[in-house]
Amino acid sequence: MTQPRPAGLLTDLDAVLAEAPADSTGALWRLTGAGRGLDSNLVRLRPGAAIAEHAEPLLDVLLVVVAGDGRLDTPDGPHPLRPHSACWLPRGSRRSLTAGPEGLAYLTVHTRRPGLGIAPAAPTPAGGGEPACLLHRVCPACGRLATEPAAAHCSRCGTELPE
């Protein structure tokens, strides 16, 4: 049986932001370690950058603004974001994020995603051939597959997707 990790300080988020190169975006810090039940990312967006509308189908997400400002758009309207704003994003809810003029840094926290499993191969499309390549929709930072065909940024960590 795996013993749980003792509670303790993980990192100083202000220090992570201060030590990261000024032009770095996407996930600057991630919660790591075996046996954990949570995932968490510190994400930074450039001024004016946006994460297109998307929905997380499986997990509720807590989003806490650490620095900068911006806007969270949901079906019930826009919500201004500033440091220490906390947002609950229920699974299945549609939302988009836009960074303000100073950029936006936020922490996401959610239950840990289940590991990838082995599934039967997809059937060959009618007429033969290989299924379409989806590599352009895989986040280079966290490996998440974007569910929206036109997504420009990862909905998990905010990293720009390959073109």
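What follows is a short conversation about a predicted model of one protein chain.

Visitor: How many helices and strands does the protein chain have, and in what order do they run?
Guide: The protein chain has one helix and seven strands. From the N terminus on, the order is α-β-β-β-β-β-β-β.

Visitor: What share of the protein chain counts as buried?
Guide: Of its 163 residues, 36% count as buried. Buried here means under 20% relative accessible area. The accessible surface of the protein chain comes to about 10,100 Å². Carbon and sulfur atoms hold 60% of that surface.

Visitor: Why is T108 called buried?
Guide: The cut-off for buried is under 20% relative accessible area. T108 has 6% relative accessibility, so T108 counts as buried.

Visitor: Where is T108 found, and what does T108 contact?
Guide: T108 sits in strand β7. Leaving aside neighbours within four places in sequence, T108 is in contact with D39, S40, N41, V61, L62 and R156. Contact means heavy atoms within 4.5 Å.

Visitor: Why is H84 called exposed?
Guide: Exposed means over 50% relative accessible area. H84 has 70%, so H84 is exposed.

Visitor: Where is H84, and what is its phi?
Guide: H84 is in the loop between β5 (77-81) and β6. Its phi is positive, about 80 degrees, although H84 is not a glycine.

Visitor: What makes a group of residues a nonpolar core, and which residues have the most contacts inside the largest one?
Guide: The members must be buried residues of certain nonpolar kinds, joined through side-chain atoms within 4.5 Å. The largest nonpolar core has 22 residues. Those with the most contacts inside it are L45, L63, L81, L97, L104 and Y106. The elements that give two or more residues to this core are β2 (38-45), β4, β6 (86-89) and β7. A second, separate core has eight residues, including L31, L42, V66 and L107.

Visitor: Which residues does L104 touch?
Guide: Not counting residues up to four places away in sequence, L104 touches V43, R44, L45, V65, A67, G68, D69, G70, L81, L97, T98 and A99.

Visitor: What share of the contacts links residues 24 or more positions apart?
Guide: Among contacts in the protein chain with a separation of 6 or more, such residues account for 62%.

Visitor: Where does T74 lie, and what does T74 touch?
Guide: T74 lies in strand β4. Beyond residues up to four places away in sequence, T74 touches H79, R94 and R95. T74 and L97 are 23 residues apart along the chain, and their C-alpha atoms are separated by 9.1 Å.

Visitor: What makes an empty space a cavity, and how many are there of 30 Å³ or more?
Guide: In a cavity, a 1.4 Å probe fits but cannot get out. The structure holds one cavity of 30 Å³ or more. About 160 Å³ of space lies in the largest cavity.

Visitor: Which residues lie nearest the centre of the largest cavity?
Guide: They are H54, V61, R95, S155 and R156, and the full lining has 16 residues. The elements that give two or more residues to that lining are β3 (50-55), β4 (61-74) and β7 (94-111). The largest share, five residues, comes from β7.

Visitor: How do the residues of that lining divide by kind?
Guide: Seven are nonpolar, four polar and five charged. Arg counts as charged, so R95 and R156, both in the lining, belong to the charged group.

Note on methods. Residues are numbered from 1 along each chain as its sequence is written. Side-chain values use heavy atoms; hydrogens and water are left out. On a 1 Å grid over the protein atoms alone, a cavity is a set of points where a 1.4 Å probe fits but cannot get out, and a pocket is an open set with protein on both sides within 12 Å along at least five of seven lines; lining residues have an atom within 4 Å of a point. Grid points are joined across faces, edges and corners, and a volume is the space filled by probe spheres set on the points. Helices (H or I, at least four residues) and strands (E, at least two) are DSSP runs, numbered from the N terminus. Buried means under 20% relative accessible area, exposed over 50%, partly exposed in between (1.4 Å probe, protein chains only). Accessible areas come from the Shrake-Rupley method with a 1.4 Å probe; for residues, only the protein chains shown count as cover.
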